[in-house]
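Me: I am new to this structure and would be grateful for a guided introduction. Please explain its organisation step by step.

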Amino acid sequence: MNFTAVTTEIDNAMKEIVFAEVDEKTMKIAPEDFAGEGQFDEHFRCQVCTDVVFDPKQCSAGKCQKLVCDTCITDWLGKKDTCPNCSEKFEAVRNLSRFELNILNAYKFKCVKCKDTYTYAGAKDHFKECSKMFGCPLECDKEDTFLEKEDILDHLNDMCPKVPVNCNMCEKDTERGKQNDHKCSSDDLLVKNAKLQDEKK
Ligand SMILES: [Zn+2]
Ligand SMILES: [Zn+2]
Ligand SMILES: [Zn+2]
Ligand SMILES: [Zn+2]
Ligand SMILES: [Zn+2]
């Protein structure tokens with residue numbers, strides 16, 4: 001059997017990357033990425049988005065003192081005026097105390113893209129640096145494949161198992177990683193043959 005890569009699919013995948021906006025979500029830190037000593041203190045989880053608080057603000061109502069990201073609470077208060085945690089009226093956002101901020105700033109996280117460790121205080125810088133890396137646009141191995149933009153075309157051309165390939169015999173598409181399992185069905189071959197006969201006429 002002979003297969004050719006379907007190049008239009010590769011072109012589309014590349015366009016997706018080249019024209020992609022920088023994803024705001026890359027600024028998110030998942031508490032699961034915590035790589036410091038001990039355990040992640042749940043106190044630093046945002047009550048709205050459930051990620052690690054970014055630019056943290058604190059509910060000032062009574063005993064609540066729960067934390068939310070600045071952007072999260074701004075969005076939230078556009079719709080409701082109560083705290084997402086205690087449901088009291090969200091009077092004012094308080095900044096985090098120095099003491100708490102120091103703890104949070106020293107927290108270490110492991111980057112899902114480059115596997116390096118960064119501190120919370122250095123997260124913005126790290127994300128800027130790391131925003132040059134992209135996951136495979138065909139999502140061949142979502143967890144582990146992060147590549148620099150320049151390397152993605154090579155990855156798609158040479159090894160990505162999700163690249164669609166076209167069978168020269170029956171003209172059906174399959175994925176590169178599955179081409180060994182491909183068997184032309186006799187129906188497809190008949191259709192192909194009929195087409196060839198038509199073309200000859
Ligand atoms: Zn949030
Ligand atoms: Zn509250
Ligand atoms: Zn990184
Ligand atoms: Zn891939
Ligand atoms: Zn085939």
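The following questions and answers concern a predicted model.

Me: Which residue ranges make up domain 1 and domain 2?
Reply: The domain assignment divides the protein into two parts, and one of them is built from two segments of the chain. Domain 2 covers 24-130. Domain 1 combines 3-22 + 143-200.

Me: How far apart do the C-alpha centres of domain 1 and domain 2 lie?
Reply: The separation is taken between the C-alpha centres of the two domains. For domain 1 and domain 2, this gives 42 Å.

Me: Are helices α1 and α5 roughly parallel or antiparallel to each other?
Reply: Two packed helices are described by the angle between their axes and the distance between the axes. Helix α1 spans residues 7-18 and helix α5 spans residues 149-158; their axes are 11 Å apart, at an angle of about 160 degrees. Angles over 145 degrees count as roughly antiparallel. The relation of α1 to α5 is therefore roughly antiparallel.

Me: What is the handedness of the crossing of α1 and α5, and which residues make the contact?
Reply: Where α1 passes α5, the crossing is right-handed. From α5, the contact involves K149, I152, L153, L156 and N157. From α1, the contributing residues are I10, A13, M14 and I17.

Me: How many nonpolar residues does the contact of α1 with α5 have?
Reply: Sorted by class, the contact of α1 with α5 includes one charged and one polar residue. The number of nonpolar residues is seven.

Me: In what order do the strands β2, β3 and β4 form their open sheet?
Reply: β3 (67-69) and β4 (93-95) are edge strands, each pairing on one side only. The pairing in this sheet is antiparallel. Neighbouring strands are turned by 45 degrees against each other on average, direction ignored. The order is β3-β2-β4.

Me: Which residues stand opposite K57 and C59?
Reply: Strand β2, residues 56-59, pairs with β4 over three bridges in the antiparallel sense, and three bridges also join β2 to β3. Opposite K57, in β3, stands V68. Opposite C59, in β4, stands V93.

Me: At what angle does helix α2 run to β3?
Reply: Helix α2 comprises residues 70-79 and lies across β2, β3 and β4. Its angle to β3 is about 90 degrees.

Me: What is the strand order of the open sheet that contains β1, β9 and β10?
Reply: β1 (3-5) and β10 (173-175) are the edge strands, each with pairing on one side only. The pairing is antiparallel, and neighbouring strands are turned by 40 degrees against each other on average, direction ignored. The order of the three strands is β1-β9-β10.

Me: Which residue in β9 is the bridge partner of A5?
Reply: β1 pairs with strand β9, residues 164-167, in the antiparallel sense over three bridges. Within β9, the bridge partner of A5 is V165.

Methods:
Residues are numbered from 1 along each chain as its sequence is written. Chains are lettered from A and ligands numbered from 1 in the order in which they are written. This is a predicted model: local features need pLDDT of at least 70, side-chain atom pairs count only at pLDDT 80 or more; totals for chains, interfaces and linings use all residues. Domain bounds come from an automatic or database domain assignment. Axes are lines fitted to C-alpha atoms, for helices over the stretch in contact, and angles run from 0 to 180 degrees between N-to-C directions. Helices (H or I, at least four residues) and strands (E, at least two) are DSSP runs, numbered from the N terminus. Angles under 35 degrees count as roughly parallel, over 145 as roughly antiparallel, 65 to 115 as roughly perpendicular and the rest as oblique. A crossing is left-handed if the near helix is turned anticlockwise from the far one by less than a right angle, and right-handed if clockwise. Two residues are in contact if their C-beta atoms, placed from the backbone, lie within 7 Å. Ala, Val, Leu, Ile, Met, Phe, Trp, Tyr, Cys and Pro count as nonpolar, Asp, Glu, Lys and Arg as charged, and the others, Gly among them, as polar. Two strands pair if DSSP finds at least two bridges between them.
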